[in-house]
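Colleague: I'd like to learn how labels get attached to a model. Can we walk through one together?

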Amino acid sequence: MLRDITLGQYYPANSVIHKLDPRVKLAGTLVFIVSLFAFSSAEAYIAATVFLGAVIYASRVPLGFMLKGLKSIFILMMFTVVFNLFLINGTPVVRIWVFTITKEGIETAVFMAIRLIYLVVGSSVMTLTTTPNNLTDGLEKALRPLAKIKVPVHEIAMMMSIALRFIPILMEETDKIMKAQTARGADFESGGIIKKAKNMIPLLVPLFISAFRRANDLAMAMEARGYHGGEGRTKMKPLIYQNRDKAAYLCLLLYLVAMFFINRIGFFAGLWY
């Protein structure tokens, strides 16, 4: 399960998505996420599926590797689906004991499941095709106008980059500790919820100690190298928009326009109503 978390990992490949400016990928991820909540028709989700599939194909990241991240949200997705199935009023379809499944509940549950899946996969495309350094530079440059009102843009970008970088490291560390504790006789699977929570103590204590030690080592390394924030710092590889980045922005604009018209026209509305 721990190895299935893909958020924060980088998958090296020679693709057009990898070569895009990180600001383009940040904007694309934001636009895609907003479109999932702004347009809620079946036709819009079909268009979003085509768009996401095209981006994944262009990224040259194996689909199976990208879908591994869905295992980490499986329980959350099941809770969301079940609550929407049984707690939304509408036209009854199936009655199970005191619970009633409605047509509106089924539609909402399906759409919510799709949203969660696409949120994880869409965000994974950005992190899998962008190195932490480039992601930091892109986020900092995109938020630079906020620095005029005294927002610590560089520090925010640095913290987010370090957090993303530490996700796979901590997951790997957790996996090693679990295997070591299992070899010593620890049991993380059997028992009820309370017993499982108690069994996690031999895992959490060394994990927190390791995390604090890594944070301290990182702070000392940054101080030893003369790091004092973003004031007056220059970039070894400054971000400059290329023609492919402008073309990507145009594709995002066309995607939004297409989503708007597809959602308004509703080609397949007769299949749902």
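**Labels and their cut-offs**

Modeller: Sure, let's start with R23, which counts as buried because its relative accessibility is 11% and buried means under 20% relative accessible area, with exposed over 50% and partly exposed in between (1.4 Å probe, protein chains only). This is a predicted model, where local features need pLDDT of at least 70, side-chain atom pairs count only at pLDDT 80 or more, and totals for chains, interfaces and linings use all residues. Residues are numbered from 1 along each chain as its sequence is written, and side-chain values use heavy atoms, leaving out hydrogens and water.

Colleague: What does R23 touch?

Modeller: A contact means heavy atoms within 4.5 Å. Leaving aside residues up to four places away in sequence, R23 touches G138, K141, A142, L239, I240, Y241 and Y249. R23 itself sits in helix α2, residues 22-38.

Colleague: What makes a stretch a helix or a strand?

Modeller: Both are DSSP runs numbered from the N terminus: H or I over at least four residues for a helix, E over at least two for a strand. The protein chain has 12 helices and 2 strands.

Colleague: How do you know that the span of α10 is close to the expected one?

Modeller: The expected span is 1.5 Å times one less than the number of residues. Helix α10 (residues 201-224) has 24 residues, so 34 Å is expected, and its first and last C-alpha are 35 Å apart.

Colleague: Which residues of α10 are buried?

Modeller: L203, L207 and S210 are, and their cover includes α8 (153-183).
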